[in-house]
Amino acid sequence: MNIVLLGAPGSGKGTMAQKLAVELNIPQISTGDIFRKNLREETPLGIQIKNIMASGQLVPDEITIEIVKNRLAEPDCANGYILDGFPRSLVQAAALDTFQNIDIAVNLDVDEEAIVARLSGRRFCPDCNGTFHVSTLNGANVCPACGGKLIVREDDTEATVRNRLAVYNKTTLPLVEYYTEQGKIATVDGNGSIAEVYARVISLLKK
Ligand code: AMP
């Protein structure tokens, strides 16, 4: 199954994608993770996108589309994949349709207040790409999954979060309409615990 996960920053796309990848045995393709890896390794791409990412803007469509096109052509994607954070614009969605067939776009719908609360308490593990909330860490600063040192993502600061939400509303939200017109949208209530939201997502996909 070729799955797109839609939703605002902090809606839980990454967390759901990681769990689905394990259960469905298909890869999670996160453009954010790909870009962050390039930043960490200071590749030419990483240097080019550093300021864009730090300010919460989108990496240019041409660059992003090319990366995803190449990644989806790899053999591990032959039986399906979960796209997490792509497409993020109408241009990206239209390009994706020229080289892949998407089966379903799952839209995680979360109240904006809950999103701000989630993002402001978010901790990220650069070693395993896990995301956690301070409220569940009991003051610890190590990743519960792999023992790596947790950090605050540079783009989770308040000003950047506000900017990312504005970019989402303007550029990414129209994708809900795009996939609705294609009859591929499935909106899931993304409020609640990880277990509750995941149960909704998996029951929908297994229908
Ligand atoms: P994420 O981890 O999905 O929140 O992405 C973090 C940042 O990576 C975004 O704020 C953008 O700067 C960049 N990014 C990730 N995916 C895309 C995309 N599909 N198009 C453009 N920029 C992206």
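The following dialogue reads the sheet, the cores, a helix pair and the cysteines of a predicted model.

Student: What is the strand order of the open sheet, and in which sense do the strands pair?

Tutor: The five strands run in the order S2-S3-S1-S4-S7, and the pairing is parallel. At the edges lie strand S2 (28-30) and strand S7 (185-189), each of which pairs on one side only. On average, and with direction ignored, neighbouring strands of this sheet are turned by 25 degrees against each other.

Student: How many bridges join S2 and strand S3?

Tutor: Three bridges join S2 to S3 (residues 81-84), in the parallel sense. Within S3, aspartate 84 is the bridge partner of serine 30.

Student: How should one read the nonpolar cores, and which residues of the largest one touch the most other members?

Tutor: In general, nonpolar side chains in soluble globular proteins tend to be buried together. Here the largest nonpolar core holds 19 residues, and those touching the most other members are Val4, Leu72, Leu83, Leu96 and Tyr179. Two or more residues each come from strand S1 (2-7), helix H4 (61-72), S3, helix H5 (90-99) and H8. The largest share, four residues, is that of H8. There is also a second, separate core of 18 residues, with Ile3, Leu20, Val106 and Val201 among them.

Student: Which residues does leucine 72 contact, leaving aside its neighbours within four places in sequence?

Tutor: With those neighbours left aside, leucine 72 is in contact with Ile29, Cys77, Tyr81, Leu83, Leu96, Phe99 and Gln100.

Student: What describes the packing of two helices?

Tutor: Two packed helices are described by the angle between their axes and by the distance between those axes. For helix H7 (residues 158-172) and helix H8 (residues 174-181), the axes come within 6 Å and cross at roughly 30 degrees. H7 contributes Asn169, Lys170, Thr171 and Thr172 to the contact, while H8 contributes Pro174, Leu175 and Val176. By character, the residues of this contact are three nonpolar, three polar and one charged.

Student: How many disulfides are counted, and why is cysteine 143 not bonded to cysteine 128?

Tutor: A disulfide requires two cysteine sulfur atoms within 2.5 Å. The count is zero disulfides. The closest cysteine sulfur to that of cysteine 143 belongs to cysteine 128, and because it lies 3.7 Å away, it is too far for a bond.

Student: Are cysteine 143 and cysteine 77 buried or exposed?

Tutor: Burial is assigned under 20% relative accessible area. Cysteine 143 has 4% relative accessibility and therefore counts as buried. Cysteine 77 is buried as well, with a relative accessible area of 4%.

Definitions and conventions
Residues are numbered from 1 along each chain as its sequence is written. This is a predicted model: local features need pLDDT of at least 70, side-chain atom pairs count only at pLDDT 80 or more; totals for chains, interfaces and linings use all residues. Side-chain values use heavy atoms; hydrogens and water are left out. Buried means under 20% relative accessible area, exposed over 50%, partly exposed in between (1.4 Å probe, protein chains only). Axes are lines fitted to C-alpha atoms, for helices over the stretch in contact, and angles run from 0 to 180 degrees between N-to-C directions. Contact means heavy atoms within 4.5 Å. Ala, Val, Leu, Ile, Met, Phe, Trp, Tyr, Cys and Pro count as nonpolar, Asp, Glu, Lys and Arg as charged, and the others, Gly among them, as polar. Two strands pair if DSSP finds at least two bridges between them. A nonpolar core is a set of buried Ala, Val, Leu, Ile, Met, Phe, Trp, Tyr and Cys residues joined through side-chain atoms within 4.5 Å.
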